Amino acid sequence: MQPFDTHEVRNTVAPFENINLYTADPALQEALLREGGGEAAASLESLGAELGKAETLDLARLANLYSPTLHNYDREGHRIDEVEFHPAWHRLMALLIGHGTHASPWQGGAGAQVARAARYLLFGQVENGSQCPVTMTYASVPALKQAPRIALKWLPKILSNQYDPRSLPVEQKHGAIIGMGMTEKQGGSDVRANTTRAEPLLSAEGRALFGDEGEEVFRIVGHKWFFSAPQSDAHLILAQTDGEGSAGLSCFFLPRYLPNGERNAIRVQRLKDKLGNRSNASSEVEFTGAYGWLIGKQGRGIPTILEMGSHTRLDCVLGSAGTMRAALTHALHHARRRVAFGRPLVEQPLMQNVLADLALESEAATAFAMRLARCFDQSSDPAQAMLARLLTPAGKYWICKRGPGFGAEAMEVIGGSGYVEDSPLARLYRELPVNSIWEGSGNVMCLDLLRALSKSPEAREALAAELAEAGNSDTFFVAYRSTLLADLAQQQTPDEFGARVRAERVVLAVQAALLLRHAPEYVSSAFVASRLKREPGGAYGRLPSGVDCEAILARALVE
Ligand SMILES: Cc1cc2nc3c(=O)[nH]c(=O)nc-3n(C[C@H](O)[C@H](O)[C@H](O)COP(=O)(O)OP(=O)(O)OC[C@H]3O[C@@H](n4cnc5c(N)ncnc54)[C@H](O)[C@@H]3O)c2cc1C
């Protein structure tokens, strides 16, 4: 040291970067193979290396630091409603779309949903805002297939792996992305409260006109209070129609550009100033006579758009599992290197308890999310479809609900440096609540679970069959399983008041069953001891004594 140097910088930890995010995660690799996505293993390995590069991880920082800007008018005063993004956003989008995360399952192949789920989970460890438009595009495909002529024209662009951010009519583009708009000021969860109206465009003789997109065309007047990715090439929205015998909400396809090349009348009022997800543009819009093409039947808008909802909810589960995994890896990387009171943090018993508890939560979330993705791969099997019907809302509730507390705890592992913007933990923490809010908030998901249980006894049978796979060797699990199934059988008369506890227990039972079947014994026994024998508490670090924390932590992150 020189005489006036104030101090030596030491005992600090270099960032967690330049690591293969896939090979660092044995639980994900195992889940990919057992759930049927093994063909993608090699491509995931190279994706894991690409995503873990310092340069890629820095794109996330830049895209969130320089959040999007809305330009309503061009320099001559024409209304344009264009959103400008930092180049880092476009690079992230190109990566996501280039790897098929927006559409690969619709191109076929065994285990395609599972392979995509693993990719999405890896991207969730890098940047979350760009996952929003990618999810909506992925989820739009089943709904769009209900409008064959629109599908014919648009699917080749949607399925393309070329990211094309240019603001042009779709005919001139190499790829397209799709958004969705349901939420209005007066009601989001209860979409029946929507006031946006759609009037059929009739010929002089009073017959419905068919526009260039091929389906029945309507004019739309109204608004949406949340309308993410307004730069999308088209949106699916809900609006009220008065059709004879089919009044109610209908689903419409609103392209950004009309077949004549003019901009559709979708006015972007402003961009939301959000807690997190700042790289992603979420807007408020008004439809001032926008043209929309009917998707599905008039008055059947909710079931039509719900085709989308089940897939977006799968992504909320995957997104939260990925973000929690990111928080865990940063925390564990730090704790292995930071010394306090003479020893690395990771060697201190109480810190081991916290970190191992986080690692169990992360592995269980990954196992659950990947199992759920297999239900989507096998949805032609009624039992798998029923299981997805149950596990999608339950998982969307519980796994997304675990996120914010998880993020806070991981941040605390890093201490004060975790709380500042130099650390990715601050951004990851801000991301975690949103998966619980959008696409059906927590309570709405729990009520949906009850609806599935009361309407479809087969759903409970599918759950029973899934849990039976774990056998009878763990007596505590066996008792938990039978109490749960007996309780769910009584939900023909739904108990709304207790719905959260039921959703939580459904997920915990499935997670325990998966870990008992597939994870090392030190993982499954610790999970059962900490989540079934005692109810999960508000804080992490409550593992009972006897848990093999060192083994759990060695498995959690292979550096
Ligand atoms: C960043 C971001 C982006 C978004 N992007 C989009 C988008 O692109 N398109 C879009 O359509 N929407 C979007 N949303 C909106 C989001 O989907 C809604 O905010 C969400 O569905 C909740 O609706 P709401 O805000 O109207 O709340 P409300 O419906 O008023 O609900 C408020 C609370 O009440 C609870 N609740 C509702 N009903 C019941 C009940 N019966 N019993 C008990 N509790 C109940 C809910 O769970 C929630 O916690 C976005 C939201 C965010 C934060």
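The following questions and answers concern a predicted model of a protein with its ligand.

Student: Which residues come nearest to the ligand?

Tutor: The ligand in this predicted model has 20 residues around it. By class, these divide into nine nonpolar, nine polar and two charged. Those that come nearest are Met182, Thr183, Gly188, Ser189 and Ser228.

Student: What is the distance between an oxygen atom of the ligand and a polar backbone atom of Met182?

Tutor: Several polar backbone atoms face atoms of the ligand, and the pairs may be taken in turn. A nitrogen atom of the ligand is 3.0 Å from a polar backbone atom of Met180. For Phe226, the partner of the polar backbone atom is also a nitrogen atom of the ligand, at 3.4 Å. For Met182, the partner is an oxygen atom, and the distance is 2.7 Å.

Student: How much of the accessible area of the ligand does the protein cover?

Tutor: The reference is the accessible area that the ligand has on its own, which is 980 Å². Of this area, the protein covers 66%.

Student: Which elements give two or more residues to the shell around the ligand, and which domains does the shell draw on?

Tutor: Two of the elements are strands, namely E3 (178-181) and E5 (217-228). The other two are helices, H12 (434-437) and H13 (442-455). As for domains, at least three residues of the shell come from each of domain 2 (170-301) and domain 3 (304-556).

Student: What span does helix H9 reach, and how many of its residues are buried?

Tutor: Helix H9 covers residues 349-377, which makes 29 residues. From its first C-alpha to its last it reaches 42 Å, close to the 42 Å expected at 1.5 Å a residue. The helix is largely enclosed by the rest of the structure, because the number of buried residues among its 29 is 26.

Student: Is Arg374 buried or exposed, and how far is its C-alpha from that of Leu32?

Tutor: Arg374 has its place in helix H9. Its relative accessible area is 17%, and a residue under 20% counts as buried, so Arg374 is buried. Along the sequence, Arg374 and Leu32 are 342 residues apart, yet from C-alpha to C-alpha the separation in space is 9.7 Å.

Student: What is the phi of Asp81, and what is the phi of Asn277?

Tutor: Most residues other than glycine have a negative phi. Asp81, in strand E2 (residues 79-84), is buried with a relative accessible area of 7%. Asn277, in the loop between strand E8 (266-271) and strand E9 (282-295), also counts as buried, at 4% relative accessibility. Neither is a glycine, but phi is positive in both: near 50° for Asp81 and about 50° for Asn277.

Student: To which backbone nitrogens does the side chain of Asp74 present a polar atom, and at what distances?

Tutor: Asp74 is found in the loop between strand E1 (69-73) and E2. At 26% relative accessibility, which lies between the limits of 20% and 50%, Asp74 counts as partly exposed. A polar atom of its side chain lies within 3.5 Å of a backbone nitrogen in two cases, which makes each pair a polar contact. The backbone nitrogens are those of Glu76, at 2.9 Å, and His78, at 2.8 Å.

Student: Where does Val191 lie, and how far is its C-alpha from that of Leu238?

Tutor: Val191 lies in the loop between E3 and strand E4 (197-200). Its relative accessible area is 12%, and therefore Val191 is buried. Val191 and Leu238 are 47 residues apart in sequence, and their C-alpha atoms are separated in space by 8.3 Å.

Student: What separates the C-alpha atoms of Thr137 and Ile178?

Tutor: Thr137 belongs to helix H6 (residues 131-144). With a relative accessible area of 0%, Thr137 is buried. Ile178 is 41 residues away along the chain, and the distance between the two C-alpha atoms is 4.6 Å.

Definitions and conventions. Residues are numbered from 1 along each chain as its sequence is written. This is a predicted model: local features need pLDDT of at least 70, side-chain atom pairs count only at pLDDT 80 or more; totals for chains, interfaces and linings use all residues. Side-chain values use heavy atoms; hydrogens and water are left out. A residue is near a molecule or strand if one of its heavy atoms lies within 4 Å of it. A polar contact is a pair of N or O atoms within 3.5 Å; within protein, one must be able to donate a hydrogen and the other to accept it, and residues adjacent in sequence count only if both atoms are side-chain atoms. Accessible areas come from the Shrake-Rupley method with a 1.4 Å probe; for residues, only the protein chains shown count as cover. Helices (H or I, at least four residues) and strands (E, at least two) are DSSP runs, numbered from the N terminus. Ala, Val, Leu, Ile, Met, Phe, Trp, Tyr, Cys and Pro count as nonpolar, Asp, Glu, Lys and Arg as charged, and the others, Gly among them, as polar. Domain bounds come from an automatic or database domain assignment. The expected span of a helix is 1.5 Å times one less than its number of residues. Buried means under 20% relative accessible area, exposed over 50%, partly exposed in between (1.4 Å probe, protein chains only).
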